[in-house]
Amino acid sequence: ALFSCAGKRPADLGAPDGRLRACPSSPNCVCSEDSDQQHGIAPLTYTGDGAAAFARARSAALSLPRTQLINETADYMHFESTSRLMGYVDDLELQLEPAKNEIAIRSASRLGHGDMGVNRKRVEELRAAYAQGG
């Protein structure tokens with residue numbers, strides 16, 4: 001990256017109560033746990049084995065450009081995605097929800113107010129890679 005606009009890694013990532021954190025009021029975040037039009041996005045869905053689906057989601061996320069895995073447990077993953085030019089870092093989170101046969105998704109910018117739709121686009125690229133098997 002020509003510049004570095006990484007920002008500080010948020011301390012409140014994760015899903016300690018089984019749900020991903022809601023998006024802030026700014027338009028630089030999408031989350032399948034949110035229901036409003038600006039922030040809401042569909043989760044990944046699966047049938048069958050949740051662990052296999054979660055592994056497929058992991059592979060799909062790692063196929064995204066400049067995305068690296070930061071933290072992983074049996075039901076939660078945190079990735080950082082870095083923009084090519086300015087080095088902005090966004091946090092991508094996945095939470096396995098086996099009772100719903102879903103994988104919740106949250107993608108949020110660390111800095112700024114708007115994101116020009118980058119987080120929504122990232123999740124849709126993830127969804128496409130997931131649908132193709134990771």
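Ser32 is buried, with a relative accessible area of 16%. The model behind these exercises is predicted.

**Exercise 1. Place Ser32.**

Task: Find which loop holds Ser32, and justify its burial class.

Solution.
- Step 1. Ser32 sits in the loop between β1 (29-31) and β2 (44-45).
- Step 2. Buried means under 20% relative accessible area.
- Step 3. Ser32 has 16%, so it counts as buried.
- Step 4. Add a distance. Ser32 and Arg122 are 90 residues apart along the chain, and their C-alpha atoms are separated by 13 Å.

**Exercise 2. Sort the cysteines.**

Task: Take Cys23, Cys29 and Cys31. Which two does a disulfide join? Why is the sulfur of Cys31 without a bond to the closest cysteine sulfur?

Solution.
- Step 1. Recall the chemistry. A disulfide is a covalent bond between two cysteine sulfurs.
- Step 2. Apply the cut-off: the sulfur atoms must lie within 2.5 Å.
- Step 3. Cys23 and Cys29 pass, with an S to S distance of 2.1 Å.
- Step 4. Test Cys31. Its closest cysteine sulfur belongs to Cys23, at 5.2 Å, which is too far for a bond.
- Step 5. The count is therefore 1 disulfide.
- Step 6. Assign the hand. The torsion about the S-S bond of Cys23 and Cys29 is about -70 degrees, so this disulfide is left-handed.
- Step 7. Check burial. Cys23 is buried at 13% relative accessibility. Cys29 is buried at 1%. Cys31 is buried at 0%.

**Exercise 3. Work through the salt bridges.**

Task: Count the salt bridges in the structure. Then describe the pairs Arg58 with Glu72, Arg110 with Asp91, and Glu124 with Arg127.

Solution.
- Step 1. Start from the principle. Side chains of opposite charge can pair when their charged atoms come close.
- Step 2. The structure has 11 salt bridges.
- Step 3. In the pair of Arg58 and Glu72, the closest N and O atoms are 3.0 Å apart. This pair links distant parts of the chain: Arg58 is in helix α1 (residues 50-62) and Glu72 in strand β3 (residues 67-72), 14 residues apart.
- Step 4. Classify both ends. Arg58 is partly exposed at 29% relative accessibility. Glu72 is partly exposed at 40%.
- Step 5. Turn to Arg110 and Asp91, which meet at 2.8 Å, N to O. Arg110 is in the loop between β6 (102-109) and α2 (118-131), while Asp91 is in strand β5 (residues 89-97). They are 19 residues apart and link distant parts of the chain.
- Step 6. Arg110 and Asp91 are both buried.
- Step 7. For Glu124 and Arg127, the closest N and O atoms are 2.9 Å apart. Both residues lie in helix α2, 3 residues apart, about one turn of the helix. Glu124 is partly exposed, at 37% relative accessible area.
- Step 8. Look for shared partners. Salt bridges that share them join Arg9, Glu80, Asp91 and Arg110 into one network.

**Exercise 4. Describe the largest pocket.**

Task: What is the volume of the largest pocket, and which residues lie nearest its centre?

Solution.
- Step 1. The volume of the largest pocket is about 540 Å³.
- Step 2. Its lining has 22 residues, with Ser83, Asp90, Asp115, Val118 and Arg122 nearest the centre.
- Step 3. Assign the lining to elements. β4 (76-82), β5 and α2 each give two or more residues. α2 gives the most, with 4 residues.
- Step 4. Split the lining by character: 7 nonpolar, 7 polar and 8 charged.

**Exercise 5. Describe the largest nonpolar core.**

Task: How many residues make up the largest nonpolar core, and which element supplies its largest share?

Solution.
- Step 1. In soluble globular proteins, nonpolar side chains tend to be buried together.
- Step 2. The largest nonpolar core has 21 residues.
- Step 3. Those with the most contacts inside it are Leu92, Leu94, Ile103, Ile105, Leu126 and Tyr130.
- Step 4. At least two core residues come from each of α1, β4, β5, β6 and α2.
- Step 5. The largest share is from α1, with 5 residues.

**Exercise 6. Examine two backbone angles.**

Task: Where do Arg66 and Asn101 lie, and what is the phi of each?

Solution.
- Step 1. Most residues other than glycine have a negative phi.
- Step 2. Arg66 is not a glycine, yet its phi is positive, about 55 degrees. Arg66 lies in the loop between α1 and β3. Its relative accessible area is 45%, so it is partly exposed.
- Step 3. Asn101 has a positive phi near 55 degrees. Asn101 lies in the loop between β5 and β6. At 32% relative accessibility, Asn101 is partly exposed.

Terms used. Residues numbered from 1 in each chain as written. Predicted model: local features only at pLDDT ≥ 70, side-chain atom pairs only at ≥ 80, totals over all residues. Heavy atoms only, no water. Buried < 20%, exposed > 50% of the residue type's maximum accessible area, 1.4 Å probe, protein only. Salt bridge = Lys/Arg side-chain N within 4 Å of Asp/Glu carboxyl O. 1 Å grid on protein atoms, 1.4 Å probe; cavity = no way out; pocket = protein on both sides within 12 Å on 5 of 7 lines; lining within 4 Å. Points joined across faces, edges and corners; volume = space filled by probe spheres on them. Nonpolar A, V, L, I, M, F, W, Y, C, P; charged D, E, K, R; others polar. Core = buried A, V, L, I, M, F, W, Y, C linked by side-chain atoms within 4.5 Å.
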